[in-house]
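This briefing covers one helix and its surroundings, then some aromatic pairs, then a surface patch. Please look over the sequence and the model before reading on.

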Amino acid sequence: MDYDVVIVGGGPAGLAAAIRLKQQAAKEDKEINVVVIEKGGEIGAHTLSGACIETGPLEELFPNWKELGAPLNQPALEDHMKFLTEKHALPLPHPPQMNNEGNYIVSLSNVVKWLGERAEELGVDVFPATAASEIIYNEDGSVRGIATNDAGVDKEFKPKDTFVRGMELHGKVTLFAEGCHGSLTKGLIRKLKLRDEEKFQTYGLGIKEVWEIDPAKHNPGECTHTMGYPLDYRTYGGGLVYHMEDNKVSVGLVVGLDYQNPYLSPYKEFQRFKAHPFVSNLLKGGRVISYGARALVEGGLQSLPKLFFPGGALIGDTAGFLNVPKIKGTHNAMKSGILAADSAYKAIVTEGKGEDAPIVLSEYEEAFKSSSIYKELHEVRNVRPSFHTGLGIWGGMMWAGLDTLILKGRVPFTFQHKDPDHAMLKPAAMHKPIEYPKPDNEITFDILTSVSRTGTNHAENQPVHLRLADKTVEIKKNLPVFAGPEQRFCPAGVYEYVDDEANPGQKRFQINSQNCIHCKTCDIKDPSQNINWTVPEGGDGPQYVDT
């Protein structure tokens, strides 16, 4: 199937790009064929964020978004910053860059669902439950489009009765909007050398629940961010509590994936966060509506790859536009989609390119460097890497305060990230095991109970989408050296070391791929870089609600 523009990923960036392309064509009474493919069972099913969003790019696309019924119903009305000790919550001065005046507390999955509906109304072909598994290249090395995976294949890759052959989608421009650590984008960056060898992305893992709480405790529009407990001073991260509409609160913890202790479990740290009196007193008497987890990009400006290549471009979190001190990226993702769409429209429609030679969207990167995204990321570029000093979180807090309040990025140097996240993990012999409390099944829960709240599902008897380059590495290296960190860094209980019945006294590595919630943490944090996250059948994975 041939299109003018193929967009891989139906999140904020991909849908913003699709909408902008169609709006530009309608304004000039022109035609442009656009398709969006999304691996989730429906648009928004795989979308998870805090989220308290800025509305600027949304207003660019739809100045009348309120009249159109966009699901932004709860304005942010109060901001608080707390430093948590084990038992207390100490107020801190609220950083100016985290001011949420004018922002809205939302379910990003609902916002994305709404954007998908608007895209379809404009004539975009939107294909949910469609997983892009391969990039198609022309003979000259330019990107021609993508191919979707075959459906109805058994574990041995043999066709079942339900077999359906995947399809190829060709475009004059292919925009990759896969989100953080996209399964196609990671290979594309390597193949086309879009990032310098000494540069790399760094990540965090965000874990979140949505609760319905006692109306007497609900304060609509209140946004609280926390630092400190339960994380130690060498581990970057923090918590959030956002009061949404309808007596709902979003409770989350972000843990930097550059942590060193292999015994650390981000999931169990999240349970400890909820058990803190500041959080547990709010949640008592309430009920959990949903649970989810997702990796997020934290590298900032110095981790960005080249944004364009012959035949396409990278947009949104697949490129890495999250503003870490703000804890916001949706507005930048949408803005990048708008910028890329404008560049693609000009090349395809205005200039008539793409028939005889691959389109090169160099104007997109130029527009990015003149945009609000670049200004934001440049101003805060030194904040995240400042937490790598010997002073840990204390040094980072001091520099962040100085840089964001006074310097505002106006320094003649740029801090670099120390090492990739997988290389930051230290041998288990250098750390003591962490004893986590048992769940109380009221505020804290075991991991499988939480996974049941994601709605995740994967068709039985299909190839395991979590591929091992070497099936012996986990037992030979990761277990003896790092005490099997996979069973702790995964927030969905996918990985286990279990007794090997065939070899008494030994362990074997087990992958429970049906539990996977597509967070990508394993692909990022595995110290041996032996796990490759690939797409399962389209439509598989979580079915998030109100996230």
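The buried residues of helix α8 are covered by elements that include β19 (308-309), β20 (312-314), α7 (330-350) and α9 (372-379). The model is a predicted one.

**Helix α8**
- Helix α8 spans residues 362-369, and Y364, E365 and F368 are buried in it.
- These buried residues line one face of the helix, because they fall within an arc of 95° when seen down the axis of α8.
- An α-helix has 3.6 residues a turn, so residues three or four places apart point the same way.
- E366 and K369, on the other side of α8, are exposed.

**Aromatic pairs**
- The model has 13 aromatic pairs.
- In one of them, W65 and Y104 meet edge-to-face, at 5.4 Å centre to centre and with 90° between the planes.
- This pair links distant parts of the chain, 39 residues apart: W65 is in the loop between α2 (56-61) and β4 (74-75), and Y104 is in strand β7 (residues 104-105).
- W65 is buried at a relative accessible area of 4%, and Y104 also counts as buried, at 13%.
- F368 and Y374 form an edge-to-face pair, because their ring centres are 5.7 Å apart and their planes are at 80°.
- F368 is buried, with a relative accessible area of 4%, whereas Y374 is partly exposed, at 27%.
- F321, F368 and Y374 are linked into a cluster by ring pairs.

**Surface patch**
- Y233, W394 and M398 make a nonpolar surface patch of about 340 Å².
- W394 belongs to helix α10 (residues 392-407) and is partly exposed, with a relative accessible area of 43%.

Note on methods: Residues are numbered from 1 along each chain as its sequence is written. This is a predicted model: local features need pLDDT of at least 70, side-chain atom pairs count only at pLDDT 80 or more; totals for chains, interfaces and linings use all residues. Side-chain values use heavy atoms; hydrogens and water are left out. Patches are made of residues with over 30% relative accessible area and no salt bridge: like charges are joined within 9 Å, nonpolar side chains (Val, Leu, Ile, Met, Phe, Trp, Tyr) within 5 Å. Accessible areas come from the Shrake-Rupley method with a 1.4 Å probe; for residues, only the protein chains shown count as cover. A salt bridge is a side-chain nitrogen of Lys or Arg within 4 Å of a carboxyl oxygen of Asp or Glu. Helices (H or I, at least four residues) and strands (E, at least two) are DSSP runs, numbered from the N terminus. Buried means under 20% relative accessible area, exposed over 50%, partly exposed in between (1.4 Å probe, protein chains only). The arc is that of the directions from the helix axis to the C-beta atoms. Contact means heavy atoms within 4.5 Å. Rings of Phe, Tyr and Trp (its six-membered ring) pair if their centres lie within 6.5 Å; planes under 30 degrees apart count as stacked, over 60 as edge-to-face and the rest as tilted.
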